[in-house]
Amino acid sequence: MTEPAVIVDHVSKRFKLYKERNQTLKSAVMRRRKSVADEFWAVKDVSFEVPKGSTFGLIGRNGSGKSTLLKCLARILHPDEGSITMNGKAASLLEVGSGFHPELTGRENIYLNGSILGLAKKDITARLDEIIDFSGVGQFIDQPVKNYSSGMYVRLGFSVAIHVKPDILVVDEVLAVGDGAFKKKSREKFREFTNSGRTVILVTHSLAQVREMCDQVAWLNKGELQAVGPAKTVTKQYQEYLDAQDG
Amino acid sequence: MSYVKELAATRELLANLTIREVKGQYRRTFLGQLWSLINPLATMLVYTLVFLFLLRFEPPPGDPSGVEGYPLWLMCAMLPWTFFTRVVNGGLTSVVSNANLIKKVYFPRMHLPLAVMASTAVTWSLELSVLAIVLMLFGAMPIPFIPVIIVFMALLALFAVGLAMMLAILNVHFRDTQHFTGIVLQMWMFLTPIIYPLEFVERRAEQVGQWVLDLYRLNPMERFVAVFRNLLYDNRLPAWDDSIYCLAAALIVFLLGYLTFSRNEKRLAELL
């Protein structure tokens with residue numbers, strides 16, 4: 001058994017639900033700095049391991065805590081308890097094109113976005129043609145991105161992110177960008193990605209997509225881990241659960 | 001220390017964020033980067049009009065440079081001050097205005113205020129270069145002092161960004177901070193001898209009592225302004241006590257800002 005790519009060890013994440021939050025100085029003084037808050041555990045004591053080179057899916061209903069867990073994996077949020085160990089360089093793709101500056105050109109934004117995602121300048125230069133080519137933005141690459149259509153915008157964002165080539169990629173339902181042809185292209189890119197020994201962790205609502213792409217799946221329900229294992233078994237359990245709920 | 005390492009490892013991001021600020025700022029303006037020179041020129045005109053013509057105030061000539069003129073004397077202190085306020089204002093809002101980025105991607109958040117500092121420093125250097133050329137046309141010789149000027153520019157940058165980082169965290173909790181800071185900075189400017197000389201305060205202190213001057217000179221910006229005026233207008237090395245005061249203020253404030261920011265940055269995504 002090789003070393004796992006990601007170890008999630010008893011991770012919990014708590015949110016404070018502010019009934020009355022002290023966002024202004026006045027309210028803080030009036031209430032003597034006491035915000036009124038309820039606690040809410042979005043993720044409770046979740047542990048699993050993600051094997052290297054696999055595509056790992058997180059599934060669950062709305063509000064199950066899967067997005068919170070994904071944000072913890074992307075290091076945007078920090079777990080209140082437990083720890084997450086990443087063996088390798090990780091990059092996250094929670095929203096395409098975040099960090100684009102509307103007044104800068106597509107080319108300038110590739111460099112900006114690439115470095116936000118942790119890519120060195122020389123690596124971006126080396127992959128520049130590939131990125132532009134894959135995005136299909138073509139001659140518009142030297143135009144400010146505010147003139148882009150929304151499709152071009154997300155395609156360029158996606159193209160930058162997929163070319164970062166981290167050891168571990170954390171993705172949030174972004175496969176649903178672009179038209180049919182672009183979707184097919186990006187799916188192939190993902191396959192290429194995992195075939196080269198890299199790991200993908202993704203959150204999605206589409207069970208069909210999970211069955212097609214994932215090797216391993218973790219199912220979360222109300223913040224707790226319901227099941228983890230091979231995609232086939234877990235999606236089947238989840239499907240049965242969904243049918244029972246609806247029926 | 002691991003946070004310093006992380007910052008160093010992602011320094012290219014800092015460079016790119018700085019370029020974003022510099023390039024993005026004047027895009028689609030007819031005058032482009034020239035705007036960064038027009039703004040200080042306008043301020044200079046206003047104060048010159050008031051002080052030279054209405055109040056009939058003439059600053060002493062530079063010692064030993066021999067340069068004369070209120071506009072030059074003013075700008076030697078005004079440019080460091082505007083740099084300071086731009087970094088504080090820009091840095092303090094940098095976290096809130098990039099909320100979208102913070103909620104979607106991980107990167108060391110300190111690069112945001114640092115990029116504001118770096119991009120403002122680019123503009124500032126440009127302004128100071130123009131000022132240096134004008135000073136030379138009027139007979140001053142600031143060139144030999146360039147290494148010292150750069151050292152004090154760096155110290156003022158640390159001082160400003162340290163303050164900005166503390167305020168940036170406070171601004172996440174209380175959005176009042178940005179409005180409040182605007183007022184404080186305005187008062188602060190008039191409590192610093194930028195548009196009038198320190199002698200005004202000294203003269204008043206003789207009548208009221210020495211404590212007025214002592215209190216007045218606690219302000220680190222007073223020391224910075226004096227140092228820049230020594231270097232640019234007078235063309236001499238700053239006094240030791242002023243230099244040490246600047247150094248200490250810069251290091252203490254930056255360290256406090258650094259600690260405040262690095263301790264709170266993990267929770268920024270959920271607080272925004």
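Biologist: Let's start with one acid. Is B:E127 buried or exposed?

Modeller: The cut-off for buried is under 20% relative accessible area. B:E127 has 3%, so it counts as buried. Keep in mind that we're looking at a predicted model.

Biologist: Which side chain does B:E127 meet in a salt bridge?

Modeller: The general idea first: side chains of opposite charge can pair when their charged atoms come close. Here the partner is B:R86, at 2.9 Å from N to O. B:E127 sits in helix α6 (residues 111–137) of chain B and B:R86 in helix α4 (residues 70–97) of chain B, so the pair ties together parts 41 residues apart in sequence. B:R86 itself is partly exposed, at 30% relative accessible area.

Biologist: How many salt bridges does the rule count over all chains?

Modeller: The count comes to 18. Another of them joins A:R107 and A:D142, again at 2.9 Å, N to O. A:R107 belongs to helix α3 of chain A, while A:D142 lies in the loop between α4 (121–135) and α5 (150–162) of chain A, 35 residues away. A:R107 is partly exposed with a relative accessible area of 30%, and A:D142 is partly exposed too, with 45%. Chain B also has a network of salt bridges, linking B:R217, B:E222, B:R223, B:D241 and B:D242.

Biologist: On to domains. How is chain A divided?

Modeller: A domain doesn't have to be one unbroken stretch. The assignment gives domain 1 as 1–89 + 167–247 and domain 2 as 98–165. The contact takes 12 residues from domain 1 and 11 from domain 2 of chain A.

Biologist: How much area do those two domains bury between them?

Modeller: About 1,100 Å², with 73% of it on carbon and sulfur atoms. A:K89, A:F182 and A:K189 supply 43% of the area that domain 1 buries against domain 2 of chain A, more than any other three residues.

Biologist: And what about charges and polar contacts between the domains?

Modeller: The count is one salt bridge between domain 1 and domain 2 of chain A. A:E130 and A:K189 meet in a salt bridge at 3.9 Å, N to O. There are also three residue pairs in polar contact between these domains, both residues at pLDDT 80 or more. On the domain 1 side, helix α6 (residues 180–195) of chain A gives the largest share, six residues. That side divides into six nonpolar, one polar and five charged residues.

Biologist: Which other acid does A:K189 meet in a salt bridge?

Modeller: A:E192, at 3.7 Å, N to O. They're three residues apart in helix α6 of chain A, so about one helical turn separates them. A:K189 counts as buried, at 13% relative accessibility.

Biologist: Last one, the chains. How much area do chain A and chain B bury between them?

Modeller: About 2,700 Å², 54% of it on carbon and sulfur atoms. Chain A brings 34 residues to the contact and chain B brings 28. Across this interface the rule finds three salt bridges; B:E6 forms one with A:R75, the closest N and O atoms being 3.6 Å apart. The rule also finds six residue pairs in polar contact there, both at pLDDT 80 or more. On the chain A side, β1 (6–20), α1 (25–30) and α3 (106–116) are the elements that give two or more residues. α3(A) gives the most, with five.

Methods:
Residues numbered from 1 in each chain as written. Chains lettered and ligands numbered in written order. Predicted model: local features only at pLDDT ≥ 70, side-chain atom pairs only at ≥ 80, totals over all residues. Heavy atoms only, no water. Domains from an automatic or database assignment. Contact = heavy atoms within 4.5 Å. Buried area = accessible area lost by both parts, 1.4 Å probe. Salt bridge = Lys/Arg side-chain N within 4 Å of Asp/Glu carboxyl O. Polar contact = N/O pair within 3.5 Å; in protein donor to acceptor, adjacent residues only side chain to side chain. Helix = DSSP H or I, 4+ residues; strand = E, 2+ residues; numbered from the N terminus. Nonpolar A, V, L, I, M, F, W, Y, C, P; charged D, E, K, R; others polar. Buried < 20%, exposed > 50% of the residue type's maximum accessible area, 1.4 Å probe, protein only.
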